[in-house]
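Visitor: Please choose one part of this structure and go through it closely, strand by strand. Then place it beside other parts.

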Amino acid sequence: MAARVIVRDLRKRYGSVEALRGVSFEVNEGEIFGLLGPNGAGKTTTVECIVGLREPDEGSIELLGIDARRKPAEVREKIGAALQTTSLQDKITPREAIQVFGAFYRERAGTQALLERFALTEKADAAFDTLSGGQRQRLALALAFVNNPQIVFLDEPTSGLDAHARRELHSEILRMKKDGCTVLLTTHNVEEAERLCDRAAIIDHGRVVASGAPRELIAQSASATSVFLATAVPVDRAILAALPGVEDIAEDGPGVRFRVSDVTGALAQLMGELASRGIAINELHVQKASLEDVLIEMTGGAS
Amino acid sequence: MNGLAEQYVLSLRLYFRNKMGMFYGYLFPAIFLLAFWVLYRSEPVPVWRHLGQLLTVTILGGACLGMPTTIVSERERGVWRRYRMTPASTRALIASSVLVRFLILITAGLLQIALAMAIGMPLPKHPFDLCIAFTVVSFAFLGLGLVIASMADNVPSVQALGQCIFLPMLIVGGVAVPVETLPDWAQHIASFFPGRYAVSSLQACVNGIGLGKSGFDFLALFLIGATGLLAGGRMFRWEAGQRFSARRKGWLTAVAAAWAVIGIFAEAHGSAAAKPVAAPRNAPPTPRRIATAPEIPPPAPLVSTPQAPEAAAIPHAKTWKEVTLAEINANVHWRDLPPDTGFYSPISPPGIPPPDDLKDQLDQLRTNLPLWPLGYVTDPVQRVRNFLYIPAVTDVLRTEILESYVPLVVFDQLQKDIPKDDLVKLLYWVATHPAEGDDTAASRLDQLGLENAPPDMDTVRERVSTYALKLLGRLTGKIR
């Protein structure tokens, strides 16, 4: 699959603040790619540079094989974006907005089709200032699709939405992928990234600190799997330490907690040891690390 | 580009959905028109001599306050940020905003002209020239508006910046107060503001010679507009958080330089001296103030008083009976009399019936006047003086249109009561002796259903002289 977005060594400085310190990643055709990171990590600046709202100080951006920094107008024809802190006039209606924004492009999606697709038919002729947060966000998405874009950029698409609206938006984003669109979204919500993204890059302090499929990220992560064990009689630490791939053994309430990379191997051995000593198990929990653990591990310590 | 056309139409539609915008864009100019009409109500043709000022106010308000408010509020909301993600160029969108406003200005201007014509103003003399002047003035002020839009961080600062341009221009820039009536120092200041050039080029198309002599005005307006649009376009910020860089500030200097160059050039070439924009035969166009405001002194001595050396040719009479026509003709400067259509001592032209609401009051005056005790005092000089207090006080009090009809009633009565030859001499005597006599009559006007005199008797006495001369002129055939 061809890379649709290639970002290399993007740098951007605002006065004395280095917002981006060499961001590089690629997004493949037809995938949903997430830029994940805490607030202020540089996600929004990255997207703004890619869609041409900001001029990066250094670095290259290639979209659909076109040098975006050299030919921004050509690129804009083919991409769509819904960014934060972007709004519309109070008295504009969704129908007018879709029509007028569509008119800026050579290729153009049908207004009615977009209104239907983004569930805005009922509010098609209502003023913008009467729309709910979810409806406004759906309109922003509809505007990102007025030119039948090949890549769509969504900056924190679900922030500020309630759980219901968020779920609706998730299925809409998954549908974009099904329709063959490449999606790049930013989020600080790990659950969202795990649910939606084929691949993600974790950004922190203006750098990509890790990237890959969420599962790979979790597997790569030092967090691995955590195991909690409570037994009738305390287990000798030495027995645990001797298990393959076990680290970070620590007392945790009535039992002990440790991380392990090879869960099956370690637990098989552990069971044998416990059985031979006749120690009864009261509790045993095996917990896979979440992307959130990965994110905290990768960004939390440094911030 | 199709997109820009649709965006243009949409911007207009959105404008007409915004009540506040409509208020400032259309109602405000209409209110200004009414205000000028009332202010200059004694002029024979309503607002004819002030249309240039009115149109300038309209353009100034729409271009320097209305347009930047729209642009900055859209920028604050992130609309410009959204536009910037489309293939449309920001410059083209700025141009679209300016053109949207231009169309609004044109319609507001037409509305103002239509309203003015509805209250009696004739069609401007040079309508085609007026369109050109209107466009050039709009160009200048839209340029300024764009600079304001680029400089202002938010909507309140648009108001602050806009008013910094709007108010001085109105007051000392020759827009609300005509430049000819400004004090000298203010006329020099006005040279540095585009307002006066706007007013003079527009007014010349309404009742002057058209654009024939508007070359410098146009040059000034064009320069201000061009630097404004250029600087505004360069300094334009499409995002609320964008900083104002030093390079951008450099453009501000360019705008200021254009203003300075125009002002200095105008000062150096004497264009700053008030040039009459219209036929100057009308009254000094000092705006009327409220009734209690101090009155304007007459522009020149109307009569050579005994102290005036140049009048020595014909000796002044010692008593009123000795007054001769020769002395009158030698000493009275008829041309310096304020016109009947002017701001003070107005007299309604013959044959025009008073408005219905004044009929009763005038009838009451006509009935009571022959019975007024002060009209029968024995001293004929005092008697004439008493009569003349009636129009003089009414004029000083500015009792609406009444003041231009009262003199006619009083003149009639005087001519009925006093033989013409005597009346001529008495009027001249009263006019040349303004400081003499008893002014009790000024505070007995309530007996005639009128208001009594204000405390400022000097002004009243001066008006007595003026009305005396106006009647004198009529009697001697000097005023028709």
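**A four-stranded sheet in chain A**

Guide: Val246(A) has Val260(A) in E13(A) as its bridge partner. The model is predicted. A second pair is formed by Glu247(A) and Arg259(A), the latter in E13(A). Both pairs can be placed in the joining of E12(A) to strand E13 (residues 255-260) of chain A, where the two strands are antiparallel and share five bridges. E12(A) and E13(A) make a hairpin in which two residues separate the strands. In that turn, Gly253(A) has a positive phi of about 65°.

E13(A) also pairs with E11(A), again in the antiparallel sense and over five bridges. Here Leu229(A) stands opposite Val256(A) of E13(A). A general point helps when looking at such pairs. In a regular strand, side chains alternate between the two faces of the sheet.

Now take the sheet as a whole. The sheet is open and has four strands in the order E12-E13-E11-E14 of chain A, paired antiparallel. At its edges are strand E12 (246-252) and strand E14 (281-288) of chain A, each of which pairs on one side only. On average, neighbouring strands in this sheet are turned by 15° against each other, with direction ignored. Helix H10 (residues 263-277) of chain A packs on the sheet and touches strand E11 (225-231), E12, E13 and E14 of chain A. The direction of H10(A) makes about 170° with that of E14(A).

For comparison, turn to another sheet in chain A. Six strands form this open sheet, in the order E6-E7-E8-E3-E9-E10, and the pairing is mixed. Its edge strands are strand E6 (79-82) and strand E10 (207-212) of chain A, and each pairs on one side only. The twist from one strand to the next averages 15°. E6(A) pairs with strand E7 (residues 151-155) of chain A in the parallel sense, over four bridges. One residue pair there is Ala81(A) with Phe153(A) of E7(A). Helix H1 (residues 43-51) of chain A packs on this sheet, touching strand E3 (32-36), E6, E7, strand E8 (182-187) and strand E9 (199-204) of chain A. The direction of H1(A) makes about 150° with that of E8(A). Helix H5 (residues 133-144) of chain A lies across E6 and E7 of chain A and runs at about 165° to E6(A).

Strands can also be linked through side chains. Over all chains, the structure holds 34 salt bridges. One of them joins Arg8(A) to Glu26(A), with the closest N and O atoms 2.6 Å apart. Arg8(A) belongs to strand E1 (residues 3-14) and Glu26(A) to strand E2 (residues 17-28) of chain A, so this pair ties together parts that are 18 residues apart in sequence.

Six salt bridges are counted between chain A and chain B. Among them, Glu6(B) pairs with Arg108(A), the closest N and O atoms being 3.8 Å apart. In the contact between the chains, 30 residues of chain A meet 25 residues of chain B. The two chains bury about 2600 Å² between them, 56% of it on carbon and sulfur atoms. Of the area that chain A buries against chain B, 28% comes from Leu53(A), Gln89(A) and Phe104(A), more than from any other three residues.

Terms used: Residues are numbered from 1 along each chain as its sequence is written. Chains are lettered from A and ligands numbered from 1 in the order in which they are written. This is a predicted model: local features need pLDDT of at least 70, side-chain atom pairs count only at pLDDT 80 or more; totals for chains, interfaces and linings use all residues. Side-chain values use heavy atoms; hydrogens and water are left out. Two strands pair if DSSP finds at least two bridges between them. Axes are lines fitted to C-alpha atoms, for helices over the stretch in contact, and angles run from 0 to 180 degrees between N-to-C directions. Contact means heavy atoms within 4.5 Å. Buried area is the accessible area (1.4 Å probe) that two parts lose on being put together, summed over both. A salt bridge is a side-chain nitrogen of Lys or Arg within 4 Å of a carboxyl oxygen of Asp or Glu.
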